[in-house]
Amino acid sequence: MTSYELNSFTMADAQLLAGKTADITEWGDDERETKVTYPGAKVTGIIVLTGPYLVIETSGAVMTDARTGERLGTRPPAPELRLLFTWVCEVDGVRDRFMRGDRVALEHTGDPDTRLRPGDEGTVTRYDPGTGQLDVRWDSGSTLSMLLNDGDRVRLITPAPGAGLGETGKEQGR
């Protein structure tokens with residue numbers, strides 16, 4: 001796990017995360033009593049407004065008591081959430097957006113001729129981030145590729161085993 005003390009997450013740290021997926025935990029603004037974890041958040045950018053912000057796309061969040069670990073609630077998915085760098089305290093499981101062996105679920109496809117429907121699941125066989133093409137072996141037997149840059153959307157259900165980055169920053173389990 002890569003850990004950052006409060007207030008020491010830097011622009012260089014954020015730039016290394018751009019375009020990646022990670023489990024990001026932030027301290028709330030309530031005297032550091034609440035932690036909010038965004039599992040599998042996609043880091044979509046960096047914005048500098050009144051301060052530097054990490055821009056993430058989330059599939060939801062879990063709020064816990066920082067002292068006891070007790071679950072306090074959840075937050076819904078957010079297509080664009082801005083986290084002030086000073087609130088980010090942990091970044092774990094950094095990885096490319098999709099990797100071979102990931103389990104995904106279809107959210108939307110613009111292909112009018114497919115029998116695939118939202119919620120259908122499959123396993124990633126290849127991902128080309130340059131073209132945004134995601135090849136999936138769907139459980140239904142379909143092999144329809146997703147064109148993520150053209151509006152097709154899938155969500156990560158389960159990452160491939162060992163697909164994260166270790167503390168050294170080198171990918172493991174490839």
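What follows is a walk through the fold, the core, the pocket and a few individual residues of this predicted model.

Start with the overall layout. The protein chain carries 1 helix and 13 strands. Reading along the sequence, the order of elements is β-α-β-β-β-β-β-β-β-β-β-β-β-β. Of its 174 residues, 37% count as buried.

One part of the fold is an open sheet of 5 strands, laid out in the order β12-β11-β10-β9-β13 with antiparallel pairing. Its edges are β12 (146-147) and β13 (153-158), each of which pairs on one side only. Working inward from the β13 edge, β9 and β13 are antiparallel partners held over 5 bridges, and within that pairing R103 has T158 of β13 as its bridge partner. On to the next pair: β9 and β10 also run antiparallel, joined by 3 bridges, with V104 matched to G122 in β10. Strand β10 (residues 121-128) then pairs with β11 (residues 133-138), again in the antiparallel sense, over 6 bridges.

T123 is a handy residue for getting a feel for this sheet. It sits in strand β10 and stands opposite R137 in β11. Is T123 buried or exposed? Its relative accessibility is 15%, and the cut-off for buried is under 20%, so T123 counts as buried. T123 and A105 are 18 residues apart in sequence, yet their C-alpha atoms are 8.9 Å apart in space.

Strand β10 also contributes to an aromatic contact. Searching the whole structure turns up 1 aromatic pair. The partners are F98 and Y127, arranged edge-to-face, with 5.5 Å centre to centre and 80 degrees between the planes. This pair ties together distant parts of the chain: F98 belongs to the loop between β8 and β9 (103-108), Y127 belongs to strand β10, and 29 residues separate them. Both F98 and Y127 are buried.

Another set of pairings centres on β4. Strands β3 and β4 run antiparallel and pair over 6 bridges, and a hairpin of 3 residues connects them. Across that pairing, I47 has Y53 of β4 as its bridge partner. Strand β4 also pairs with β7, antiparallel once more, through 5 bridges; here L54 is matched to L83 in β7. How enclosed is β4 by the rest of the structure? Of its 7 residues, 5 are buried, so β4 is largely enclosed.

The largest nonpolar core picks up the story of β4. This core has 17 residues, and those with the most contacts inside it are I24, Y38, L54 and I56. L54, then, is both a core residue and the bridge partner of L83 in β7. Elements giving two or more residues to the core are α1 (11-17), β2, β3, β4, β5 (61-65) and β8. Strand β3 gives the most, with 4 residues.

Next comes the largest pocket, which holds about 530 Å³ of space. It is lined by 24 residues, and the closest to its centre are G40, E57, V154, R155 and L156. Which strands supply at least two residues each to the lining? They are β2 (20-27), β3 (34-48), β4 (52-58), β8 (88-96) and β13. The largest share comes from β13, at 5 residues. Strand β13 thus serves as an edge strand of the open sheet and also as a supplier of the pocket lining. By chemical type, the lining splits into 8 nonpolar, 7 polar and 9 charged residues.

Finally, P76 offers a contrast with T123. P76 is found in the loop between β6 (71-75) and β7 (78-84). Its relative accessible area is 62%, and exposed means over 50%, so P76 counts as exposed, whereas T123 is buried. P76 and S59 lie 17 residues apart in sequence and 7.1 Å apart in space, C-alpha to C-alpha.

Methods: Residues are numbered from 1 along each chain as its sequence is written. This is a predicted model: local features need pLDDT of at least 70, side-chain atom pairs count only at pLDDT 80 or more; totals for chains, interfaces and linings use all residues. Side-chain values use heavy atoms; hydrogens and water are left out. Two strands pair if DSSP finds at least two bridges between them. On a 1 Å grid over the protein atoms alone, a cavity is a set of points where a 1.4 Å probe fits but cannot get out, and a pocket is an open set with protein on both sides within 12 Å along at least five of seven lines; lining residues have an atom within 4 Å of a point. Grid points are joined across faces, edges and corners, and a volume is the space filled by probe spheres set on the points. Ala, Val, Leu, Ile, Met, Phe, Trp, Tyr, Cys and Pro count as nonpolar, Asp, Glu, Lys and Arg as charged, and the others, Gly among them, as polar. Rings of Phe, Tyr and Trp (its six-membered ring) pair if their centres lie within 6.5 Å; planes under 30 degrees apart count as stacked, over 60 as edge-to-face and the rest as tilted. Buried means under 20% relative accessible area, exposed over 50%, partly exposed in between (1.4 Å probe, protein chains only). A nonpolar core is a set of buried Ala, Val, Leu, Ile, Met, Phe, Trp, Tyr and Cys residues joined through side-chain atoms within 4.5 Å.
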